[in-house]
Amino acid sequence: MGQPKVRFLVGIFLTVLISSLNPAFAEIADEYGNKEKAIEYRVKGYQAQKIGQLLEALAYYQKSVMIDPRNASVYNDIGIVYEMLGNSQEAEKSYLDALTVDSSYTDVYSNLALLYEKKGDFYKAARYWMKRAYDGKEDDLWAQKARQRLVEIGKIMPEVKQMYANKEAQVLASKVLEDKQLDTPSYDTEP
């Protein structure tokens, strides 16, 4: 096979390869553009929320979540607006949707706990305060607030007090065990 034929076939192969990849590149670019649009709608929603235009904020947040349904923070934003509008049922649904999307998104735990406190369901509130207290970072102010709320709820609900005490004991035991393992000399290496 001569060199011109090889170049010709390689050229055809590369053309076919690049054209078959092109839709994938276009899809990635579209997805990136959509995420940017979703962020833009979220920002507009927040701006509307700040000035009290709650229905407009809700519309922007809903557009954002339609474009990027995997963004837990937007579901949380929607829940906040529904709560501000006095619709606790929709707020609860939105907060739970945020957890379905990302169970590690700790901000929503505080919002759920506060919502359940307003409803008078202190046991459910305590469950979410517990998640907020122990799933976040130690230096997180809301984790500290969550621990304080657990103490306060525990004063009126002995089962919450016991649940909190058990968790604190578990955390302390875990830290002691971790410290002990760090202090134990390793005999795997020679001096």
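Let me start with the pairing of helix H2, residues 54-67, and H3, which in this predicted model pack at an angle of about 160°, with their axes 9 Å apart. Angles over 145 degrees count as roughly antiparallel, and H2 and H3 are therefore roughly antiparallel to each other. The crossing of these two helices, H2 and H3, is left-handed. On the H2 side the contact is made by Leu-54, Ala-57, Leu-58, Tyr-61, Gln-62, Ser-64 and Val-65, while H3 contributes Val-74, Tyr-75, Asp-77, Ile-78, Val-81, Tyr-82 and Met-84. By residue class, this contact of H2 with H3 divides into 11 nonpolar, two polar and one charged.

From that contact I would like to pick out Tyr-61, which has its place in helix H2 and which, at 0% relative accessibility, counts as buried. What does Tyr-61 touch, once its neighbours within four places in sequence are left aside? Its partners are Arg-42, Gly-45, Tyr-46 and Gln-49, together with Val-74, Asp-77, Ile-78 and Val-81, and the last four of these appear again among the H3 residues that make the contact with H2. A further relation concerns Lys-44, which lies 17 residues from Tyr-61 in sequence and 8.2 Å from it in space, C-alpha to C-alpha.

Let me turn to the other pairing of H3, the one with H5. H3 and H5 pack at an angle of about 25°, with their axes 10 Å apart, and that makes H3 roughly parallel to H5, given that the limit for this description is an angle under 35 degrees. H3 passes H5 in a left-handed crossing, and the contact is made by Asn-76, Ile-80 and Glu-83 of H3 and by Asp-107, Val-108, Asn-111, Leu-115 and Lys-118 of H5. The residues of this contact of H3 with H5 divide into three nonpolar, two polar and three charged.

Asn-76 deserves a closer look here, since this residue of helix H3, which runs over residues 72-84, is buried, with a relative accessible area of 4%. Not counting residues up to four places away in sequence, Asn-76 touches Asp-107, Val-108 and Asn-111, and also Tyr-95, Ala-98 and Tyr-105.

Now to H5 itself, covering residues 107-119. At 1.5 Å a residue, its 13 residues should span 18 Å, and the end C-alpha atoms of H5 are 19 Å apart, which agrees. Which residues of H5 are buried? They are Val-108, Tyr-109, Ser-110, Asn-111, Leu-112, Ala-113, Leu-115, Tyr-116 and Glu-117, and the buried residues of H5 pack against H3, helix H4 (88-101), helix H6 (122-135) and helix H7 (141-156). Just after H5, Gly-120 takes a positive phi of about 85°.

I will finish with H4, and with Ser-94, which is found in that helix. Is Ser-94 buried or exposed? With a relative accessible area of 6%, Ser-94 is buried, the cut-off for that word being under 20%. Leaving aside its neighbours within four places in sequence, Ser-94 is in contact with Tyr-75, Ile-78, Gly-79 and Tyr-82. For Tyr-82 there is also a separation to quote, as Ser-94 and Tyr-82 are 12 residues apart in sequence and 8.5 Å apart in space, C-alpha to C-alpha. Tyr-75, Ile-78 and Tyr-82 also belong to the H3 side of the contact with H2, which brings us back to the pairing of H2 and H3.

Definitions and conventions: Residues are numbered from 1 along each chain as its sequence is written. This is a predicted model: local features need pLDDT of at least 70, side-chain atom pairs count only at pLDDT 80 or more; totals for chains, interfaces and linings use all residues. Side-chain values use heavy atoms; hydrogens and water are left out. Helices (H or I, at least four residues) and strands (E, at least two) are DSSP runs, numbered from the N terminus. Buried means under 20% relative accessible area, exposed over 50%, partly exposed in between (1.4 Å probe, protein chains only). Contact means heavy atoms within 4.5 Å. The expected span of a helix is 1.5 Å times one less than its number of residues. Axes are lines fitted to C-alpha atoms, for helices over the stretch in contact, and angles run from 0 to 180 degrees between N-to-C directions. Angles under 35 degrees count as roughly parallel, over 145 as roughly antiparallel, 65 to 115 as roughly perpendicular and the rest as oblique. A crossing is left-handed if the near helix is turned anticlockwise from the far one by less than a right angle, and right-handed if clockwise. Ala, Val, Leu, Ile, Met, Phe, Trp, Tyr, Cys and Pro count as nonpolar, Asp, Glu, Lys and Arg as charged, and the others, Gly among them, as polar.
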